[in-house]
Amino acid sequence: MTEPTHPLRIAAAPISWGVCEVPGWGHVLDAATVLTEMAALGLSATEFGPPGYLPSEPNELRELLAPYGIAAIGGFVALPLHVEPEAALAAARANAKLFAAAGAEVLVLAAATGVDGYDSRPQLDREQWRTLLDTAAGIRDLAAEYGLRTVLHPHVGTLVETEAEVERLLADSDLDLCLDTGHLLIGGTDPVALARRHADRIGHIHLKDVRADMADRIRSGAMEYSAAVRNGLYVPLGEGDVDVDSLVRCVYESGYRGWYVLEQDTALAPTDTAAGPSRDTQRSLRRLEGIGAAMVSAGM
């Protein structure tokens, strides 16, 4: 039996091919095209993408994925958690049913503002923050009924973005995190330092690399997030300012054995094809596989 070349569980996400939940984000490639590209790169697992991108009927979803040899591991669900908790719980239950029926394992929850896009956000009062936490805990509990883990995703333009908000979430709740290296850095958090401080709270990982100079401009208000994405904020792993090597080694040494989801958020123009995103994803994949192989060589 051939020994594995690396120990990492690697998955893809449609956002790397420009498939986003934000209206007007950009040209959306069809699912067959994106799945074909993933399979050609040797990827065998993916997150779902935005609600409705993949079929919402489990049998149709399985029939779509099967020819590509790709499994669905879960997906990103952005919901307003600070208002109308019952509506958020109902939406989360619908997603959890689909995820579980498709054999997935994780629901990646974000605290949406309730406004389309990620370019602005309100400030919460104490009662709204408490409602956010209680709603997230309720979603975690209902997702567990379907055999799913729930992780909270700090994300630019949501209600958990800055380092202070991430630390407050960890202090005020027992929810695990989706450690998204790009969104954390943009929000002002060193993802490696966070992983070292809270190794026991890392439940899922989105691996991104970003340009720190553009992240600074987003934080200062000099550039909107959506404009930064269109101007190359995200780059292949190893070509930006996230210390991806240290992050992977840190979480692995701490016992993390979950998924590493490759995400290079992009927005496509109407004339763009899958070629560019596939090229970038391949570069990230090879970099991550190389990190994993080096860890094997080092006896990790």
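How much space lies in the second largest cavity? I start there this morning, and before I answer I should say that what we are looking at is a predicted model, so please hear everything that follows as computed from that model. The answer is about 50 Å³, and this cavity is one of two in the structure that reach 30 Å³ or more.

Let me stay with that second largest cavity for a moment. Its lining is made up of S16, L207, K208, V235, P236, L237, L262, E263, Q264, T281 and S284, and when these residues are sorted by class, five are nonpolar, four are polar and two are charged. Please keep L207 and L262 in mind from that list, since both of them come back when I turn to the strands.

The largest cavity has a volume of about 230 Å³, and of the 21 residues that line it, those closest to its centre are I15, E21, F76, E263 and D265. The lining of this largest cavity divides into ten nonpolar, five polar and six charged residues. If you compare the two lists, you will find E263 in the lining of the second largest cavity and also among the residues closest to the centre of the largest one.

Now to the open space, by which I mean the pockets. The largest pocket has a volume of about 320 Å³, and it is lined by 20 residues, with E21, A78, A112, D116 and Y118 lying nearest its centre. E21, then, is named here for the pocket as well as for the centre of the largest cavity. Strand β3, residues 71-79, gives the most to the pocket lining, with four residues, and by class that lining holds twelve nonpolar, six polar and two charged residues.

With the spaces described, let me walk along the strands. Strand β4, residues 106-111, runs parallel to strand β5, residues 149-152, and four bridges join them, with V106 standing opposite R149 in β5. Between these two strands in the unit comes helix α4, residues 126-145, and together β4, α4 and β5 make a β-α-β unit that is right-handed.

The next step is from β5 to strand β6, residues 176-180, where the pairing is again in the parallel sense, over two bridges, and where L152 stands opposite L177 in β6. Here the chain crosses from β5 to β6 through helix α5, residues 163-172, in a β-α-β crossover that is right-handed.

From β6 we move on to strand β7, which runs parallel to β6 and is joined to it by four bridges; L177, which we have just met, stands opposite I202 in β7. Strand β7 covers residues 202-207 and is mostly covered, six of its six residues being buried. Strand β7 also pairs with strand β10, residues 259-262, in the parallel sense over three bridges, and in that pair L207 has L262 as its bridge partner. These are the two leucines I asked you to remember, so to speak, from the lining of the second largest cavity.

Finally, a word on annotation. An unreviewed UniProt entry places the feature "domain: Xylose isomerase-like TIM barrel" at residues 37-274, and I quote that from the record without adding to it. In the model, the end C-alpha atoms of residues 37-274 lie 7 Å apart, and the span is 41% helix and 17% strand.

Notes: Residues are numbered from 1 along each chain as its sequence is written. This is a predicted model: local features need pLDDT of at least 70, side-chain atom pairs count only at pLDDT 80 or more; totals for chains, interfaces and linings use all residues. Side-chain values use heavy atoms; hydrogens and water are left out. On a 1 Å grid over the protein atoms alone, a cavity is a set of points where a 1.4 Å probe fits but cannot get out, and a pocket is an open set with protein on both sides within 12 Å along at least five of seven lines; lining residues have an atom within 4 Å of a point. Grid points are joined across faces, edges and corners, and a volume is the space filled by probe spheres set on the points. Ala, Val, Leu, Ile, Met, Phe, Trp, Tyr, Cys and Pro count as nonpolar, Asp, Glu, Lys and Arg as charged, and the others, Gly among them, as polar. Two strands pair if DSSP finds at least two bridges between them. A crossover is right-handed if, with the strands pointing away from the viewer, the path from the first strand over the helix to the second runs clockwise. Buried means under 20% relative accessible area, exposed over 50%, partly exposed in between (1.4 Å probe, protein chains only). UniProt positions are given in the numbering used here, feature names are shortened, and annotations may be inferred rather than shown by experiment.
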